[in-house]
Every structure is written in structure tokens, then in C-alpha cells.
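Hi,

Here is the structure I promised to pass on to you. Have a look at it first, and then read my notes underneath.

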Amino acid sequence: MHPVLLPQALRQRRYVLGVWPWRAALYLLTGVPLGAAVLVTLTLLAVAGGVLSVVLVGLPLLLVLALAGIPLAALERYRLRLIHPGPLPSAHRPPAEPGLSAWLRTRLQERSTWRELAYALFLGLLLWPVEALAIACVFLIPAGLIAVLPQMAAGGTGEARLLKLWTVESCPAAWALLLAGLLLLPPLAYPLGALAAGRAALTRRLLHPPDSGLADRVDELDRSRMRLVHAFEAERRRIERDLHDGAQQRLVALSMTLGLAGLERPAEPVAGLLAKARVQADEALVEIRELIRGIHPQILTGRGLGAAVEDVADRSVIPVDVTLDVPDRLPEPVETAAYFAVCEALTNTARHSGASRVTVNGYWREGELSVEVRDDGTGGADIDAGTGLQGVADRLSVVDGLLLVSSPPGGPTVVRLRVPCPAVRPRS
């Protein structure tokens, strides 16, 4: 059963007899001093941080000012439970790494942090004065009517001032005004509840806009995609190890056994079959080594992208000039995607372009890896023509990379890839 919310309760006849008027009043009354405190705090942080920033002492204060909306938003989400029983989830995402620096970096890059700071400014400069004025207007008349009798009893003069405007001189009139004030309170509970409901809806909209849930799901999809990438690479490594340590070693042993059998000088027909079997075992060994290299070359794992690309260039049937200005190690998914993109481009060049020379240029700048493969062939390469470039583009898209192909008829063909690579860390 869903809980009754304040907007629904306002339409019920027994609204004034329940707890909702009291909760609405408490929500609004606690918002006024909170807004005043926020205004004072933000003003002090801004003034002190601006004045002291010339000697760098104020920079931490300005940082605190930028993050001031985070605790305020947490408190506002807690206060919202007076109006909306369901919790309002935070729009912040958890840091990717532990530690204060990672937390600060994540928070300062989030839209939610700046949205909450804007809400703090809105609350301190405009919202709480409007709230205070509305509460005063709602409570001023009944409170003034109710206060006449206590004033008359406390003053001892037999008269009292009504709202500082009229003089009441008789006790029956004071009692009548007290009764009128009490009778006015239930009807005024409705505009008070409507004000509280509107204030709560505005807070929910500002602190948790409709697209924040979508942004959280997109972030989770990005994280799950990267987990799949790492799992896929781990499975490739397992297959590589199994082939290297299992099937390849057995083929080597078979080839040696056949060689030893050939030295025993058996009958000529058997010797021919043994020689043929050894040749076939050697061919299978070459093929399985090529398969292992195609799954994940050891040189890429051990020495990085630059050395792996140079190794591919040395084995190419077309002369390849390599110029790579990249760090020794890049994140593993980036290295793998870039390596196989270059391999596919060189394979296509050798098979289809008729080129006499290829150049591979690459660099890492400002958080992005860029590699270009250019040949002097006949051109006409098409990413949709089944040349494998579409698979390369799909593989790059997994790491948010982009593949660009320019291949007009007559050449040259230029294959350029760009992959975001914000963090370069040594491989353990």
C-alpha cells in the first residue's frame, strides 16, 4: 500500500485533524533558520576566501565554498521526509578509487555538486525570505487575534492593541477575538500545506532532476562495459596460456619424436611418411604460434604498444616506417584496441591496396591516444565493405574510441584512430 502524500492529504476532509498540518508547519519553520544560516555561511566563506586567496590561505575556503551544497543537500533530503516519506537518493556517484583526492576529483567533476551549490545560493538569497514572509502572512492574523487576551491579562490596564492597529478595551471582545483566531487556524492550514508541498516539490526538482536517474544508469552501463572488457581480455589471456603451455608444447614434443624416429633409418616408405608427418607437425606449430600471436602477443604484454607495433611492422611484407611518441605503458584495454586496429590496417594494406610503403605515426597528448596508418596505395577502402575495419571500429567504441577512414579512389588511404586515455600508470 502506497503512503499518503501531502498533496493527496490536502484533498481529504480530515486533513486538519491529522498530522499533516503539523508536519507542514515544522518543515517550513525549520527551513527559515536553515536558510538564514546558509546565507551567513556562504557569505563568510566567499568573503574570507576571496580576501585570503592572495596569500593562498583562502583557496581551501573557496574549495569548501564550492562543496558547501553537498552537506546542505543531504540535510534537505532528510528534511524532505517530513513531506515525502520515501527517501530521496543522492545524485552523486561513488569515487572510482579510495582516498580524499579521488573523492574531491569526482565531486568537482559532477554536475550534481554545482547544482547543489546553486540550490544553496537560491535558498540563502531568495527562498528563505519568501518562506518567512509567507509564514508570517499565514500566522500573523490568527496569532494577533489570539494574543489580545493574554496581552490584556498581562498588562493590567484593561486594554490591548490588536496587530498594533486597533485598541481592544473589553474582556468579552478579547475572548471573541481569541475564538475567532482559533477558528481561523484550520482554514489557514490548507494554504500552509500547499506552500509546504510546493516547497518540497521544488526542492526535489532542484536536487534530483528527472535526468539524474538516467545519468546514474549511463554511468553504471559504462562501468559494466569496462568490466566486460576486462573479463574478455582475461579470457583471451587464458586461451593464450592454454595454447602456449598445452597444445603448442605437445606439438613440439611430437615434432621431436618424429625427428628421432626418422633417425632410426626405418624402411623407405615409413621414412617418407615420418618426414611428411614431421613437416605437417611443423606447419601446425607455425599456425598455432600465429594464432597465439593473434590472440594477444607477448610483446604487447611485456613491452607495450610501441614495441608491439614495431614488431608487426618488421613482419610486414610491405616496408613500414613507425614513429610512435607514446608512453611506455598505457591502460591495457587501450593498448589492445589500438594494437589490433593497427594490425588490421596493415593487413588490409598488404592484401588490397597495392601500396609500396606504409607509415605509422602516433602520439599521446592531453589524455588522448592518436594513431595514423597511411599508405600510398590505390585507395578505395570502405569501412562497410567487410574488410574488418567495422570490427575495429566496434572494438574501439568499447573504450570510447573513434575510427576515421579516408580512402579516395587513387589513394592515399589514411586510417586514424583516437582513444581517450586520461590516466597513464605503470603496469604492475
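Let me start with a cysteine: Cys 421 is buried, since its relative accessibility is 1% and the cut-off for buried is under 20%. Cys 343 is buried as well, at a relative accessible area of 15%. In case the word is new to you, a disulfide is a covalent bond between the sulfur atoms of two cysteines. How many disulfides does the count come to? The count here is 0.

Before you go further, please keep in mind that this is a predicted model.

**The whole chain**

The protein chain has 428 residues, and 36% of them count as buried. You can find 13 helices and 7 strands in the chain. The exposed area is about 24,500 Å², and carbon and sulfur atoms supply 65% of that. Now take the contacts between residues at least 6 apart in sequence: 68% of these join residues at least 24 apart.

**The sheet**

Next, find the open sheet of 5 strands. In what order do its strands lie? The order is β3-β4-β5-β7-β6, and the pairing is mixed. At the edges are β3 (320-325) and β6 (402-406), each of which pairs on one side only. From one strand to the next, the twist averages 10 degrees.

As background, strands of a sheet pair through backbone hydrogen bonds, either parallel or antiparallel. Here is how some of the neighbours line up:

- β4 and β5 run antiparallel and are joined by 8 bridges. Arg 365 stands opposite Glu 368 in β5. The two strands form a hairpin with 2 residues between them, and Glu 366 in the turn has a positive phi of about 50 degrees.
- β5 and β7 also run antiparallel, again with 8 bridges. In this pair, Leu 369 faces Val 419 in β7 as its opposite residue.
- β6 pairs with β7 (residues 413-420) in the antiparallel sense over 5 bridges. Leu 403 has Leu 417 of β7 as its bridge partner.

Is β5 mostly covered or mostly open? It's mostly covered, with 6 of the 8 residues of β5 buried.

Two helices go with this sheet. Helix α12 (residues 332-353) packs on the sheet and touches β3, β4 (358-365), β5 (368-375) and β7. The direction of α12 makes about 10 degrees with that of β5. Helix α13 (residues 389-398) lies across β6 and β7, and runs at about 150 degrees to β6.

**Two cores**

Which residues have the most contacts inside the largest nonpolar core? They are Tyr 339, Leu 346, Leu 369, Val 373, Leu 403 and Leu 417, in a core of 35 residues. You've already met some of these names: Leu 369 stands opposite Val 419, and Leu 403 is the bridge partner of Leu 417. The elements that give two or more residues to this core are α11 (305-315), α12, β4, β5, α13 and β7. Helix α12 gives the largest share, with 10 residues.

There is also a second, separate core of 33 residues, which includes Ala 9, Tyr 27, Leu 80 and Val 138.

**A few single residues**

Try selecting Ala 66, which sits in helix α3 (residues 59-66). Why does Ala 66 count as buried? Its relative accessibility is 12%, and buried means under 20%. Leaving aside residues up to four places away in sequence, Ala 66 touches Thr 113, Trp 114 and Leu 117. Ala 66 and Trp 114 are 48 residues apart in sequence, but their C-alpha atoms are 7.5 Å apart in space.

Thr 113 belongs to helix α6 (residues 111-155) and is buried at 0% relative accessibility. With residues up to four places away left out again, Thr 113 touches Ala 66, Leu 67, Ile 70, His 92 and Arg 107.

Finally, look at Arg 81, in the loop between α4 (69-79) and α5 (100-109). Arg 81 is partly exposed, because its relative accessible area of 44% falls between the 20% and 50% cut-offs. Arg 81 and Tyr 27 are 54 residues apart in sequence and 9.2 Å apart from C-alpha to C-alpha.

Have fun exploring!

Methods: Residues numbered from 1 in each chain as written. Predicted model: local features only at pLDDT ≥ 70, side-chain atom pairs only at ≥ 80, totals over all residues. Heavy atoms only, no water. Pairing = 2+ DSSP bridges. Helix = DSSP H or I, 4+ residues; strand = E, 2+ residues; numbered from the N terminus. Axes fitted to C-alpha atoms, helices over the stretch in contact; angles between N-to-C directions. Contact = heavy atoms within 4.5 Å. Core = buried A, V, L, I, M, F, W, Y, C linked by side-chain atoms within 4.5 Å. Buried < 20%, exposed > 50% of the residue type's maximum accessible area, 1.4 Å probe, protein only. Disulfide = S-S within 2.5 Å. Areas by Shrake-Rupley, 256 points an atom, 1.4 Å probe, with all protein chains shown as cover.
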